[in-house]
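Trainee: I would like a close look at one helix in this model, beginning at its N-terminal end. After that, please place it in the rest of the chain.

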Amino acid sequence: MSFRVKTILGIAFIEIVMLMALTFSAMSFLSESNERQLLQRANSTAEMFVHAAKDAMISTDIATLNDLVREFMTVEDIVYIKVMRGEKELSSMGEPSILERGMSEDFSLNTVNDGIFDTRRQVVSSGVYYGTIDIGFEVSEINSMLVNAQKSIIGIASVEVILVAIFSFFLGTYLTKSLVKLIEAANTVSEQGPGYQINDKSQDELGDVARAFDDMSRQLEKSYRDLTQARSEAEQANESKSRFLATMSHEIRTPMNGVLGILNILEESKLTPEQKKLVNTATESGQFLLSIINDILDFTRMESNTLRLEHRPFDFRHCVESVVATFLPAAKAQALEISCTIDGTVPSNVCGDENRVKQVLHNLIGNAIKFTKNGSVSVQIHAADLESTHAEITCKIIDTGIGISRNAMDFLFDEFTMADQTYSRSHEGSGLGLAICKRLCELMDGHIEVESTPSIGSTFSFSIRLELAKQHIGTPPKSPTDLKLNVSDVSILVAEDNRANQLVIQEMFKKLNLSMDIAENGQRALEMIAQYHYDLIFMDISMPKLDGMETCRAIRKNSDPVVSQIPIIALTAHSLAGDREKFLDAGMDDYLAKPVRLSQLIEKINLFLGDDSGNSSHKVTRSEPSIKSSQSSNDTANQGEHVNLELVDETILEQMIEDTSADVLPMLIEHYLEESQERLNKIYQAMDEKNKETLEFESHTLGSSSLALGNRVLSNLARKIEHLCIENEVEQAYKLKDELNDLAEKSLAALAYRKKQGFIEPAG
């Protein structure tokens with residue numbers, strides 16, 4: 001709405017309100033004035049008639065009464081007079097229809113409903129009642145006068161509103177004329193640049209505003225020219241700086257590579273201990289200088305927008321694990337615990353720039369180890385599906401190092417800056433690492449942030465958005481030394497209710513030549529602990545009768561200290577935020593995410609029962625890279641006509657072959673197929689009966705077993721149903737019955753078909 005319209009409507013509104021108030025007041029005054037006059041005339045006339053007729057009524061002089069009635073009927077506005085003694089009429093005059101109607105005395109104009117104002121007087125003398133006198137007065141003239149007055153007032157008010165609207169129109173046009181010029185001038189400046197002039201010569205306040213605008217436009221034009229020139233000079237200087245840095249970096253890196261090559265040759269030659277020490281120091285210094293040069297090169301490419309990310313398929317899980325593995329020696333040298341947890345929701349096969357992902361991880365993990373004197377460095381990764389083709393992956397690097405001050409956090413991701421800017425800083429670097437990490441995350445549609453408390457530690461978090469790869473990406477086989485078990489002759493209890501998972505774990509322990517017992521629920525686990533001695537317990541979380549956390553609390557409360565202090569490791573498919581803390585608060589020492597890998601079992605057994613287990617508690621598992629089996633690459637070419645083998649995660653099956661054997665896997669799949677069908681029937685029944693508790697428990701178990709044997713898509717849907725139950729969105733979970741039925745049928749059929757194709761032991 002324009003200013004002119006607002007002006008017109010505003011003035012008109014005020015005028016209409018005032019005129020309505022004036023009209024209402026005038027009509028009220030006229031009505032009250034006429035009413036007072038009517039009441040005064042009616043009362044005086046009635047009193048005069050009573051006074052004149054009193055003696056005639058006492059003496060019952062009918063002739064005199066008739067004369068008085070005829071005489072008073074000549075008075076203006078009187079329409080009838082009736083003299084009554086009880087039920088007997090002594091005298092009356094007026095229209096018969098009026099005299100015969102029922103009389104109702106009126107006290108104001110508001111009570112008149114038949115056009116006649118009725119008044120009644122009683123004739124009383126010395127306390128003796130002689131009768132009543134009714135007199136009626138015509139009020140039509142008064143009403144007519146009020147209606148005419150109302151029409152006249154409304155007519156005058158309407159004319160005044162029209163005149164005010166016309167005046168408002170011209171006033172608004174005058175006021176907005178200069179404003180319209182200002183708006184047009186502002187639009188011209190925004191489109192063509194400053195310098196435009198209005199040149200308004202009027203001498204009022206609006207003219208002053210226009211002249212002020214002209215002055216501002218002239219100043220902006222001058223400033224704009226100066227700024228354009230300064231910007232051009234700055235861009236030229238920045239381009240020269242970038243060219244210089246790039247040239248010098250290349251020029252330095254070329255001889256530095258030669259220096260490092262010579263140092264490597266020297267390391268292979270026969271040197272004295274002192275010479276080896278000098279060569280090692282020179283090599284480390286050269287590598288450090290080379291890393292700074294590489295950072296500068298990356299930064300200059302980012303500034304000039306010439307850095308391009310690759311878009312190739314790679315195994316994200318292996319990418320993370322390989323980076324973490326490179327820091328194991330450094331962490332061990334500093335007596336630090338380093339761990340890596342990769343959530344089950346994190347995809348393996350993605351498309352993107354693997355080297356840049358490694359660069360971000362390398363920078364952040366390297367900083368965490370550099371600034372952590374004692375304690376641990378933990379890498380935690382989870383993912384959220386954005387859509388069917390992309391995933392948002394979030395990585396957290398948590399350390400117990402020196403932390404970062406609040407002041408340093410403000411410029412932490414700026415170029416050429418470090419948290420410690422003093423000359424005495426103890427950690428060297430270019431100050432570009434975090435700035436480059438930030439730029440790389442932004443290039444991958446993500447962001448990076450930090451939370452830190454001095455002397456407590458820091459948490460760096462970054463999120464990136466990666467496309468899901470359609471084809472399977474293999475991972476290199478791991479060294480046999482990674483699977484070395486450092487214990488023997490130990491007794492282990494596994495509490496697990498899922499039959500398929502029981503068989504998988506049994507085969508893993510059989511491969512390790514370790515004895516183990518299975519408890520199908522928490523209650524049975526407590527009974528077995530009371531009868532037998534166990535060195536270590538692997539505890540599933542979701543079990544019937546007594547879940548894992550309740551069972552753990554019961555063990556910790558045991559009066560026997562040998563029993564209460566048994567190490568307990570959670571086996572869980574839970575991946576919600578805060579689950580890890582809940583497991584540890586319940587008294588568990590550590591946890592493993594399902595599906596469990598053989599390497600993880602070995603790691604935890606060595607951790608708690610090996611020679612150095614006394615120094616470890618509450619550790620987080622580090623996932624190992626998957627083993628690529630020698631499965632023929634043309635498996636998918638031999639699919640059945642109606643079977644979708646993409647519903648089977650080949651990587652999980654290959655890992656399962658490595659953890660157990662190719663001969664055992666078909667049996668595990670057969671048990672899983674039978675158990676899953678029974679579990680699906682329970683889920684469908686729970687959905688029909690709207691049984692939230694059963695649906696949550698069964699979908700959790702289905703998700704766990706499906707993921708363990710390669711039905712990842714089915715596992716994700718089961719997890720979704722479970723989470724909907726947990727979040728009390730049960731109606732949404734019930735609506736997924738048809739989708740679950742269709743996906744389960746296809747997934748189980750695909751796995752059954754895959755089993756018929758057979759499995760091959762990995763080479764080597």
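Mentor: At the start of helix α7, a side-chain oxygen of Asp315 comes to within 3.1 Å of the backbone nitrogen of Arg317. This is a predicted model, and the distance is computed from its atoms. The helix itself runs over residues 316-326.

Next, how much of α7 is covered? Nine of its eleven residues are buried, so the helix counts as mostly covered, buried being under 20% relative accessible area. The buried stretch consists of Phe316, Arg317, His318, Cys319, Val320, Glu321, Ser322, Val323 and Val324. Arg317, whose backbone nitrogen is approached by Asp315, is therefore among the buried residues of the helix.

Part of the surroundings of α7 is another helix. Two packed helices are described by the angle between their axes and the distance between the axes. For α7 and helix α9, residues 354-370, the angle is about 35° and the axes lie 10 Å apart. The crossing of α7 past α9 is right-handed. On the α7 side, the contact is formed by Phe316, Cys319, Val320, Ser322, Val323, Val324 and Thr326; on the α9 side, by Glu354, Val357, Lys358, Leu361, His362 and Ile365. By type, the residues of this contact divide into eight nonpolar, three polar and two charged. Several names recur from the buried list: Phe316, Cys319, Val320, Ser322, Val323 and Val324 are buried, and these residues also take part in the contact with α9.

Further along the chain comes the loop between α8 (328-333) and β6 (337-342), where Leu336 is placed. Ala335 lies in the loop between α8 and β6 too. Are these two neighbours buried or exposed? Leu336 is buried because its relative accessible area is 8%, under the 20% cut-off. Ala335 counts as exposed because its relative accessibility is 64%, over the 50% cut-off. Not counting residues up to four places away in sequence, Leu336 touches Ala331, Ile369, Thr372, Lys373, Asn374 and Gly375. Of these, Ile369 falls within the residue range of α9. Leu336 and Asp399 are 63 residues apart along the chain, and their C-alpha atoms are separated by 9.9 Å.

The backbone of Ala335 also deserves a note. Most residues other than glycine have a negative phi. Ala335 has a positive phi of about 60° although it is not a glycine. Ser455, in the loop between β10 (447-453) and β11 (457-468), likewise has a positive phi, of about 70°, without being a glycine. At 64% relative accessibility, Ser455 counts as exposed.

Now the wider chain. The protein has 23 helices and 16 strands. Of its 764 residues, 46% count as buried. Among contacts between residues at least 6 apart in sequence, 68% join residues at least 24 apart.

Two positions carry annotations from the UniProt record, an unreviewed entry. The record gives "modified residue: 4-aspartylphosphate" for Asp540, which is placed in strand β14, residues 536-540. Asp540 counts as buried because its relative accessible area is 2%. The record also places "modified residue: Phosphohistidine" at His700, in helix α20, residues 692-708. His700 counts as buried because its relative accessibility is 2%. These annotations may be inferred rather than shown by experiment.

Two further buried side chains have polar partners. Asp590 lies in strand β16, residues 590-593, and counts as buried at 0% relative accessibility. Its side chain is joined to that of Lys604 by a polar contact of 2.7 Å. Tyr684 lies in helix α19, residues 665-689, and counts as buried at 13% relative accessibility. Leaving aside residues up to four places away in sequence, Tyr684 touches Lys737, Leu740, Asn741 and Ala744. With Asn741, the Tyr684 side chain makes a side-chain polar contact of 3.4 Å. Tyr684 and Lys737 are 53 residues apart in sequence, with 6.7 Å between their C-alpha atoms.

How values were computed
Residues are numbered from 1 along each chain as its sequence is written. This is a predicted model: local features need pLDDT of at least 70, side-chain atom pairs count only at pLDDT 80 or more; totals for chains, interfaces and linings use all residues. Side-chain values use heavy atoms; hydrogens and water are left out. Buried means under 20% relative accessible area, exposed over 50%, partly exposed in between (1.4 Å probe, protein chains only). Helices (H or I, at least four residues) and strands (E, at least two) are DSSP runs, numbered from the N terminus. A polar contact is a pair of N or O atoms within 3.5 Å; within protein, one must be able to donate a hydrogen and the other to accept it, and residues adjacent in sequence count only if both atoms are side-chain atoms. Axes are lines fitted to C-alpha atoms, for helices over the stretch in contact, and angles run from 0 to 180 degrees between N-to-C directions. A crossing is left-handed if the near helix is turned anticlockwise from the far one by less than a right angle, and right-handed if clockwise. Contact means heavy atoms within 4.5 Å. Ala, Val, Leu, Ile, Met, Phe, Trp, Tyr, Cys and Pro count as nonpolar, Asp, Glu, Lys and Arg as charged, and the others, Gly among them, as polar.
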